[in-house]
Amino acid sequence: MLGEGILKGLGETARNFVGSFVSEDRLTTVEYPEQRLLPIENTRDFPFLVYDGADPDAGLRCVSCQICEKECPPKCIYIVKSTDKKPDYVGKPQFYPARFDIDISVCMSCQICVEVCPFEAIKMDTEFELSTDDRFGGLILDKHKLAKSNEHFQRIHPTEAAEVDARLAEEKEKVEAKAKAAAEAAAAKTAAESAAAKTAAESAARKAEDGSSGSDAEGVKP
Amino acid sequence: MMEGFIFGLLAILTLVGALAAAVLRNLVHCALSLSVTFVGLALMYLSLGAQFVGLSQILVYIGAVAILVVFAILLTRGAGALTPHRLIAAAGWRLGWIASVAVGFVLIFALVRSPLPASGDQAAKVTVLQIGQALMGPYVLPLEVVAILLTVALIGAVIVAMPEDQKEMR
Amino acid sequence: MNSATLDQFFVLLQHHLSALFPTVLQPWVSMILGVVGIVAVFPAIFALTTVLERKGLGRMQNRLGPNRVGPFGILQPIADAIKSLTKEDIVPRSADDVVHFLAPVVLVVAIFLGYAVLPVGRNMVLLNIDAGILLFFAVGASTELSIFMAGWSSRNKYSLLGAMRAVAQMISYEVPLLLAAVVAVMMAGSLAPTAIVQAQGGFTGIFPHWYVFTPWGFAGFALFVVAALAETNRSPFDLPEGESELVAGYFTEYSGFKFALFFLGEYLGMMSIAGYGITLFLGGWGAPFSFLTFIPSWAWFFAKLFLAIFFFIWLRGTLPRLRQDQLMNFAWKFMLPLSLLNLCVAAAWRFLGECLGSGTVAEVMRWLVCAAVLVLAYILLARTLLRRQNIRPRSYRYAD
Amino acid sequence: MSDLAIQSYLPPVIEVESQDELLEVAMGPHHPSTHGVFRMDVALDGERVVRLKPVFGYLHRNHEKIAEKTTYLASMPYTDRLDYFCSMTNNWAYALAVEKLAGIEVPERAEYLRVITAELTRIQNHASAIGFLLQEMGASGTPLMYAFREREIILDLFESLSGSRMMCNYMRFGGCRVDLPAGWLDAARQVVAGLPRFIDEIEALLTSNEILMARSQGVGILKPDLAINAGVTGVMLRATGVNYDVRKVDHYGIYDRFSFRVPLGEHGDIYDRYMLRVLEMRESVKILEQAIPQLPAGPILDPKSKPRGFRPKPGEAYGRIEAPKGELGFYLISDGTGNPYRYRVRPPSLINLTILEDMCLGQNVADVVLIFGSVDIVLGEVDR
C-alpha cells in the first residue's frame, strides 16, 4: 500500500525488458516486409475463381448461375451471363460468365459466396497485399484478375482443395459412368435391333464390363 | 569600458521593458514586459557581482511574482480582451502623472542624499556564506519577524480562499 | 595517456585550443569553447535519449521500437530532425504570434543556462560560482513563464488548460524540490555544485561518501526524484500534456521546428535536473567504488546521467498518471511535510554527530535514529492520507 | 435484486455559481481517447464537470435496416462488425435468436465450440478493455501491449479456425461453419495454459499500484438502482453488486455444465470494474479448462440447416447471451419470407453508455475519459 505496488509494477516491466532480449515470448513482433508469419491454412481474404487445366478461359468452373451475386451480403459481385455455352469439366455444355467483377473495396471477406456456390467455382484467396494507387479502378477485380488455377488453390488451402478435388472427381466419375452406361444402353439397343445373334450380345456384355473397369481406373488417377 | 557598455545594454533592456509594461494594451503583454524588466534588474545585480541578490531576484520575481501576475490577469478574465481603444493618457492621466512625478522625486532625493562610495570598484565582494552568517547572526530577529509575517499572510490567504461551507465547519 | 590526463582530457584540450589565440582573447575563447561543448554535447545526448526512450519503452512492451533508420534504428533522431525542420510551421490565425514564437526560444535558452554551473567532471564546469545551485533553481523557475506564454498565446482551450496545469504543478513541486536540495547544501556548507561534489568525494573502505547513503540523503534523494519528475512533466506527473485528456497540453498548437524546440527543452530540462540530482546526492562525477577511480570523472557523470534517464524511461513505461488534485495533494500534504522533516533530521544528524562523538557505535546509533524517524513519518503520513481518501486493497465476493 | 425499488428518475443537477464562468469543451469526435468517433460536450466549472452531453452516431451504418432487406444468413457477417472486438459472441447471439425463431437444434460438439470461442473472446476483450483503460490513465501503452500480445495469440486461434482474426463469421443457424482443423485443440490447450501467467502479470503490474487505486477508487460510482433502471448489464452492473449474469440467469447454451463463479463488486466504481474484468478472465479460463477436454465428437451443424432458401415460419424470438460487454440480444420477427420482418439489436455498449452523464457529473474532467474508458464500449456497436 505504501509504494510496494509501484515497485512490483516496476519489477514486472523490468522483467519484460530483460526478457525481450532472451525470450521469444516477450518479443512477439515480426518485422513485416522482411519477416512474415507462417501462413495459417484457413486464412481467408478475398474471393477468386478457380479454373482447371492451363487455360483460365476454358477451364473456369463458374457456370454463371449468379447465386453468389444474389447471396453476397454487401453485393459486391457483378456477373454478366454469356449468351453461348461451353463445356464444363465433365463435358456438359454450360453458360460461363462473360463478365465477373468483384469490388474488393466493398467485399467484406465473409466467405458466404464460397458457401453457397454449388460448383466449387469460387474460393477464398490468401493474398492481402492489394494496395493500389487507383482507388476505384484498381480495387475492382475482373474475371482475368480473379481467375486462379486449381494448383494455386491446392497450394494455399491443401486440406480443403483435396476434399473438393475428391468430390469433383467422384462426381465426374458418376457422370461419366452414367454417360457411358447410357451410351452402352443405346449401343446395345441398336446392336440388338440390327443383329439378334447371341454371340454379338455376349461380346457387348463383355465390352461393357471392360468399359466400367476402365472408368474406375480413370477415376483413381487424379 | 566593458562594464559601461554592459550597463548601457541592461539599462536599455530594463527601461524598454518598463515602458512597454506601462503602455501596451494587452494586459498579458504588459505582464510579460514587466518580467523583462525584472530580468534586466537581475542582470544588473549580477553584473555588479551580487550573485545572491541577482539570482534571488530571478527566482522570486520571474518564478513567482510574474506568474502570480499573469494568473491574476487570467483569473480575472482580462487576458483575452484588449483594453478599450483610447490613449493611456485619456482618463485620470493627471493623477497618474502627479503620482509618477512624486515617486520620481522621492527616488532622486534618496539617491542624492545617500553616501555613495567614491568608485564602484571598491565595493567589497560579499559571498553567499557571509550573507547567510549575517542573516543567522545579527539579523536573525528581523528575519524571523519577516518569516512570521509571511506565514500569517499565507494562512490568511488560505482562509480567504476557503469555500464558505468549509469555513463554517471549522 | 595515463588516467589523470584522460580525466582532464577536455580541460587540457580547452587550454591548448585557447592558447592558440592572443592573451587578451584567451578567456573569451575558453568560455566560448565551454559553451560550444555544452550546446553540442547535451542536444546530442537528447537525440540519443529519444531513440533510447522509444526503444526502451518498446522493449518493456514486448516490441522493438524504431528499427528502420540506420542500424538498429540508431539514426532515427536524424530522420526526426529532418522531418521537424521541413514540416510546415503552422501558427493559428488567432494566436498571438510574437509570444507564440518567443515561448519555445525562451524555454530552451533558460534551460541551457542551467547547464552553466553543472559540473560534468573534475574541473569541468563552465561557471564556478558560489551560488550555483541557486542559479539552477532560478532558471528552472523562469521556464514556467515560457510555458505560460506557449499556452496562452495559442488561444486554444486545451493549450491554456495544459499551461495552467503545468505552471501550477511546477510551482507546487518547486518547493519540495528546493527543500530536498537544501539538505545537501546544508551538509556541504556551500551553494556551489563543485563544493558539494567535493564534499562527497571521500571513501570509507571501498564505499564513497555519497549523501544518498545516509538516511536524510536517501530521503532527500527520493523526494528530489519525485519532485524532479513533476518539475519536468514526466510520467507519472505528465498531466500537463496528458494526451488522453488534453491532446498535447500547452504545445498542442505548435508544429515543425517549434514543436521540436519544446521537445528539446523538455528533455534538456530532464537531463539538467537529473544532473543536479547526481551532483547533490550521487557524488557528481565521483566513482562509486574506490578501486574504480582510474576511470575518468566525466565518464562517471555521464554514466550516472544515462542511468537516471533510464530510470525515468522505466517509470514512464510502468506507471499511469495522477490526477490534478491528487498531484497537488501529494505535493502539499506529503512531499512538503516530509521534506521539512527531512531538513530537521539532517540538522539532527549533524548535531548528533557532534554530541555522540565518532565511534562506530555512535555512528550506527545516529544512523538508526535518523532512519527510524524518517521511515516512521513516511508510513504514518502515507497511511493517514490513503485512509482519508478511502484507498485500500479490496477483496471480492462471488455468486455461484 | 427485487428489493431495489424502481423509482422515477431525474438526472442530478450540479449547481454552479455562474453560468458565464463555465468552460465548454467538445471532447471528440477527434479526441485521442474517445475510442473512435464519439463526442462529449462537456461544460466545466474549473476542472469539475457540470454538464455532459454524449453525441454519437458518427459511425451509424444502418445495420438493422440492411438486415431487414437481406436474407438471414447474409446478416451474419454484418454482426461481426457490431462489436468488432467480439465477433464470436455477436455471431452466437444472432444464431441463438434465429435458432429460437426456427426451432433448430444445435449439435453437442457445436455447443462446446461455441462456449470455447465465446470464452476466448471474453478473455481477449477484457484484457484489451483493461489495456485501454490504463491507456486512458496515461500508462504509455504497456498494459495495452501486454493485452494485445495475448489477444494476438487468441486471434491466431480464431484465424486458424474460421479464417479471419476479427471478422470470424463462424457460427451458423444450427451449429458452426467448419470443424476444428487438425491440431487446433492442442494449440488451444496451450494458449489456455499460458493465460493464467498473463493474468498474473497484468495483476502484478496493476492491481496493487497505488496510482491506479488513487485514480480509480471512488471515481465514477454507479448506484445499483440506477444501473438496473437504466438497463445496464455486464461488468458495469455486476460491479455495483447486482448478481446478474445471463449465463447463469438464462441457462443458454451448455453453461450449466461448467462450474464457474460470478465475481461481484460492491462500490460500483472504476476499480471494481477493473477488478471484475480480471476476475472474470480467471473464471473464463476455468470454463475453458473444463470445456476443452470434454469436447465430444460428432457433427457440428444441424443436418437440416442449409445455407440457401432459409425461411423460418412466422413468429418472433429474442436471443440473448452474456457478451463480454453485457447482455447482447437480437430480437427478430419473421413473416415467413427469406428476410426478417423486424431485426433489432440490443447493444450492451450503447445501453451501458446511457448513464455516462450520471457517472461523470461533479467529477474532474480527467476522470471523464477514465469513466468513459471503464464502460468498455465499441463505437461500432453503439452506433450500428
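A salt bridge is a side-chain nitrogen of Lys or Arg within 4 Å of a carboxyl oxygen of Asp or Glu. In this predicted model, R68(C) and E34(A) make such a pair, with their closest N and O atoms 3.2 Å apart. Because the cut-off is 4 Å, the distance of 3.2 Å between R68(C) and E34(A) qualifies.

That pair is a good way into the contact between chain A and chain C. The count of salt bridges between these two chains is 2, and 6 residue pairs are in polar contact, with both residues at pLDDT 80 or more. On the side of chain A that touches chain C, 9 residues are nonpolar, 7 are polar and 3 are charged. Chain A brings 19 residues to the contact and chain C brings 22 residues. Together the two chains bury about 1,800 Å², with 67% of that area on carbon and sulfur atoms.

Next comes the contact between chains C and D. Among the 5 pairs of chains that touch, this one has the most contacts. It takes 53 residues from chain D and 36 residues from chain C, and about 3,800 Å² is buried between them, 55% of it on carbon and sulfur atoms. Salt bridges between chain D and chain C number 3. The side chains of D367(D) and R323(C) also meet in a salt bridge, at 2.7 Å from N to O. Polar contacts across this interface join 15 residue pairs, both residues being at pLDDT 80 or more.

Several elements of chain D give two or more residues to its side of this interface, including the strand β1 (23-27) and the helices α4 (108-136) and α14 (365-375). The largest share, 6 residues, comes from α11(D). By class, the side of chain D that touches chain C divides into 26 nonpolar, 15 polar and 12 charged residues. Chain A and chain B, by contrast, are joined by no contact, and their closest C-alpha atoms lie 29 Å apart.

The model also holds enclosed spaces. There are 6 cavities of 30 Å³ or more, and the largest cavity has a volume of about 290 Å³. Its lining is made of 25 residues, and I111(C), T143(C), M170(C), E231(C) and G269(C) are those nearest the centre. Four helices of chain C, α5 (97-114), α6 (132-153), α7 (157-188) and α11 (256-281), each supply at least two lining residues. The lining of this largest cavity comprises 14 nonpolar, 8 polar and 3 charged residues.

Note on methods:
Residues are numbered from 1 along each chain as its sequence is written. Chains are lettered from A and ligands numbered from 1 in the order in which they are written. This is a predicted model: local features need pLDDT of at least 70, side-chain atom pairs count only at pLDDT 80 or more; totals for chains, interfaces and linings use all residues. Side-chain values use heavy atoms; hydrogens and water are left out. On a 1 Å grid over the protein atoms alone, a cavity is a set of points where a 1.4 Å probe fits but cannot get out, and a pocket is an open set with protein on both sides within 12 Å along at least five of seven lines; lining residues have an atom within 4 Å of a point. Grid points are joined across faces, edges and corners, and a volume is the space filled by probe spheres set on the points. Ala, Val, Leu, Ile, Met, Phe, Trp, Tyr, Cys and Pro count as nonpolar, Asp, Glu, Lys and Arg as charged, and the others, Gly among them, as polar. Contact means heavy atoms within 4.5 Å. Buried area is the accessible area (1.4 Å probe) that two parts lose on being put together, summed over both. A polar contact is a pair of N or O atoms within 3.5 Å; within protein, one must be able to donate a hydrogen and the other to accept it, and residues adjacent in sequence count only if both atoms are side-chain atoms.
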